[in-house]
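Colleague: Could you walk me through the model I have just opened? I would like to start with how the chains meet.

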2 protein chains.
Amino acid sequence: MKINLPFSRNLRHQLRQLAKWIAIITPLAIVVGSLNAFFLWLLGKATDFRISTYEQHAWIIYLLPLAGVAIVWVYRKFGKNAEGGNNLIMDEIHKPGGGVPGRMSPFVLFSTVITHLFGGSAGREGTAVQIGGATAQQLGNLLKLDEDDTRLILTAGVAAGFGSIFGTPFTGAIFALEVLTIGKIKFNAIIPALFASVIGNFVTTAWGTHHSHNKLINITDKISVQFNENLHYLDISLIIGKIIIAGMAFGLAGYLFGELTHKVKDTLKAKVKNPYLIPVIGGVVVIIAVNLLGNYDYIGIGVKAYREGGVGINTAFQEGGAEWYSWITKLVLTAITLGSGFKGGEVTPLFFVGATLGNTMAGLLDAPVALFAALGFIGVFAAATNTPLACTIMGVELFGSEYLLYFAIACYTAYYFSGHTGIYASQKVAVPKH
Amino acid sequence: MKINLPFSRNLRHQLRQLAKWIAIITPLAIVVGSLNAFFLWLLGKATDFRISTYEQHAWIIYLLPLAGVAIVWVYRKFGKNAEGGNNLIMDEIHKPGGGVPGRMSPFVLFSTVITHLFGGSAGREGTAVQIGGATAQQLGNLLKLDEDDTRLILTAGVAAGFGSIFGTPFTGAIFALEVLTIGKIKFNAIIPALFASVIGNFVTTAWGTHHSHNKLINITDKISVQFNENLHYLDISLIIGKIIIAGMAFGLAGYLFGELTHKVKDTLKAKVKNPYLIPVIGGVVVIIAVNLLGNYDYIGIGVKAYREGGVGINTAFQEGGAEWYSWITKLVLTAITLGSGFKGGEVTPLFFVGATLGNTMAGLLDAPVALFAALGFIGVFAAATNTPLACTIMGVELFGSEYLLYFAIACYTAYYFSGHTGIYASQKVAVPKH
């Protein structure tokens, strides 16, 4: 009776491969983690300048159209195919072709900061993912990696970008694989992606960056209805029923966000001849909206409310912390900002839309507010990006394990009801949802 | 500008499909959850009878060879292809053919209880999965489901079985999908699987069944080294380095377990002409081992140590709670028990092997014992079944979210170093690991 141990045959090959990837991924993750730390620092400064410590600078919003023109001009003049953004990176992972241009990284970094400085409504994960992807491509070119290895390093770059921007490394690795195709995950790149995401997050944190969500929101403490082991089975069934109903709403909101962003972009492109007029229109609409609303709650990153009685992601976890129209207002303003040429991610706005919609659904369904805000936070994101697994895991990384099952039910319900599109045009459908 | 809402086209189709699956899965999950509650109750009684409350019955181990003959006889005489077990279910999901026989469910339930009553070293998840799969097939036949729907209901049955036996519903759903192929997950059955797993676990719990791992092991309280935010980056790097080394050991242990189980089975089959002699040999070896060891720690389910100073899964989380030879002893005894015709699962023994190996590795590497026992608990299982994602999630469902990232690193490292075989012969390789 002879047992073949795996190392008798291929341990040397395996270790050599491991060493190779460690040598490739470590510098990649250090660069991406550092760039993201710089980006987050700059983003914080821009947001603070506009609204927090110096509220007198809030007038800067009136320069938003001009800032948009500058961004469009720079991308048109010098951007080459950097405009392709996240979709270009996904295309290159599906089938390596022309490559991701190195300039994508600084371009998206600074134009995102400008968007936030002047009060556009946008996020940051798109920026982080593009920094990750573009850096990975440059390193891949330098090392003359072949097609398969290029795919792996690009995926690792996306994982490092995503994982380090939100402080959720395992989510980053799963997201990078799950986002490529609907209904299927291929795990070929999981080891490099996980490694890149861990190191990337490590480096971002080591630079002293604080992730805004971490620890900010302790839903377990805030949940108003006590869930304990003595909870009657009927109560648990009832809460699950409510989660499914809310999950359907999250799914439709995620779908709506994707569709609206695409439509705004396509319509403006088709109807407006002068490309520089597009950001002007977008900027003016945002200015009008801000004046109608009478506050700055729905522009910028939206993580915190900067005024007494304001709405932000953080307030959505408390009763009365969101208006009934909060979610749709943020959704529309973000679609207009991103659809008219400004830069930034979609995910933080999706968190805002989800958390405030969760707050509203909790009121309608007589459910615990903090829990439903958390479910919306991850559920709308799951729906818009078709990544229910990554979002369930993100729920655990941000809010703890106690409600893991509720996270899963909300994310998968939202995913099921969000159609086959989503915010990424380059995402492929491997297995239809229904 | 017109937004197509998903319900304008296919909401009716979607809701009809949902209603259909709810109508199919609900009774399935209720039956599987109830059968598993009954199985766990009976298993508890059998274990207690042999060793816990009435230690005078420990002599029953001398009847183990006879019990084995009875099991082999019943399976040969009446079992038809029920012998195929988990692999048969996986084959039917890959490509529905002759179907899973209904008798698999009672056969495996009672023969597992007999294996445990007479002191074989085995687990229970195989039994639960077979109960789930066989019940699903019967329901599918009754409803005359087509091939695609049969695949889905079988997957849901496996999820319900796995989720309810360990009290880990999300793990159950992911496991049922992940176990089918190495390196790829197809999410077509995720909604039915998740639904089945949630209801199944709900029903098992409602019958008053207590899952032995839940809450038993609170590693967060037990960790001897304090992990806090002030921990130096060097300390964190060091602990991650140690986890990777331990993960390699977990991977090799999982690989060894799979290989040894197959080899014992094949060798006995090839060398021993009389099929009834096989369980006699296996039983006698177990009896000799117990006498050499001088205790009953390494037979049966092994969740708890039943004597002062004994070894069980629970003791492995404490310093000095395992011997250096604990892991290999349990590994060999389980391979002999299952390889010689007794019935039961592999997973709880894998937990035992992993937790005790983790305990030993913690000693060698000067690392926190409770954490490394937890990492081994899930890591060896991940390696032997090639399901690192399900095992990472199981870590969260059992031990909380605080160490999620360490769980992921341990499971994926173990998976990477465990070769392409594993305990399930019917598992396919979609994407090679390296």
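Modeller: A term to begin with: a polar contact is a pair of N or O atoms within 3.5 Å, where within protein one must be able to donate a hydrogen and the other to accept it, and residues adjacent in sequence count only if both atoms are side-chain atoms. This is a predicted model, in which local features need pLDDT of at least 70 and side-chain atom pairs count only at pLDDT 80 or more, while totals for chains, interfaces and linings use all residues. Residues are numbered from 1 along each chain as its sequence is written, chains are lettered from A in the order in which they are written, and side-chain values use heavy atoms, with hydrogens and water left out.

Colleague: How many residue pairs are in polar contact between chain B and chain A?

Modeller: The count is six residue pairs, both residues at pLDDT 80 or more. The largest share of the side of chain B that touches chain A comes from α10(B), with 13 residues (helices, H or I, of at least four residues and strands, E, of at least two are DSSP runs numbered from the N terminus).

Colleague: And what area is buried there?

Modeller: About 5400 Å² is buried between chain B and chain A, with carbon and sulfur atoms giving 78% of that area (the accessible area, 1.4 Å probe, lost on putting the two parts together, summed over both).

Colleague: How many salt bridges cross the interface?

Modeller: The rule finds zero between chain B and chain A (a side-chain nitrogen of Lys or Arg within 4 Å of a carboxyl oxygen of Asp or Glu), although the count over all chains comes to ten. One of the salt bridges joins the side chains of A:R307 and A:D297, at 2.7 Å from N to O.

Colleague: Which way do the β2 strands run?

Modeller: Strand β2 (residues 184-186) of chain A and β2(B) run antiparallel and are joined by three bridges (strands pair if DSSP finds at least two), and A:K184 has B:K186 as its bridge partner.

Colleague: What turn lays chain B on chain A?

Modeller: A turn of 180° with a shift of 0.0 Å along the axis does so, at an RMSD of 0.0 Å (least squares on C-alpha atoms of residues with pLDDT of at least 70 in both). That is the relation of a two-fold axis.
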